[in-house]
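The exercises below are meant to be worked through with the model in view. Try each task before reading its solution.

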Amino acid sequence: MPRIQLTLLALSLGLCGGCGSYSAPTNSQNPPPPAAMTNDIDIVIGASGLTTTAFSPNPKVVSLGSNSSVSVRWVNKDITGGDYASGTATIHNITSDNGAFAASASLGGNATYTIALTSAGNYPYHCAIHPNMVGTITVNP
């Protein structure tokens, strides 16, 4: 009886070990780049090794004017080693330093993240994956 229990235990541990395996997705298929918009902020090629120049433009200055909000969109253009479809994208995310907006999901190649800002002020942000990447949005009245 103990031999059967040990065999079952070894078998179940082997099966459970396979449950935790993970394969990182490949970035061999990126969607086409989105059409440029006025309030875009690009995540540039090689951004993970940069600081304030990881985002272009930085700072991003926008105005509310007579609107109640203004939209800002980040585009992950950090794709190397080929064209937009076959190149390798570095994954990034956008995180507010002061909690003014929700953090983005992971952004693959040509992925976008859009927020709406409703008040004048400065909105510092960074990439939580690469915290050296920092930027600011300035919203004028």
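**Exercise 1.** Which residues does Phe55 touch, not counting residues up to four places away in sequence?

*Solution.* The model is predicted, so local features need pLDDT of at least 70 and side-chain atom pairs pLDDT 80 or more, while totals for chains, interfaces and linings use all residues. Residues are numbered from 1 along each chain, and side-chain values use heavy atoms, without hydrogens and water. Taking contact as heavy atoms within 4.5 Å, Phe55 touches Ile41, Asp42, Ile43, Trp74, Ile94, Tyr125, Met133, Val134 and Gly135.

**Exercise 2.** Describe how the rings of Phe55 and Tyr125 are arranged.

*Solution.* Rings of Phe, Tyr and Trp (its six-membered ring) pair if their centres lie within 6.5 Å, with planes under 30 degrees apart counted as stacked, over 60 as edge-to-face and the rest as tilted. The structure holds four aromatic pairs. In one of them the centres of Phe55 and Tyr125 are 4.9 Å apart and the planes stand at 75°, so the pair is edge-to-face. Because Phe55 lies in strand 2 and Tyr125 in strand 9 (strands are DSSP runs of E, at least two residues, numbered from the N terminus), this pair ties together parts 70 residues apart in sequence. Both Phe55 and Tyr125 are buried, that is, under 20% relative accessible area with a 1.4 Å probe and protein chains only, where exposed is over 50% and partly exposed lies in between.

**Exercise 3.** Which side chains of strand 8 are buried?

*Solution.* Along residues 112-117, Tyr113, Ile115 and Leu117 point to one face and are buried, whereas Thr112, Thr114 and Ala116 point to the other and are not.

Conventions: Helix = DSSP H or I, 4+ residues; strand = E, 2+ residues; numbered from the N terminus.
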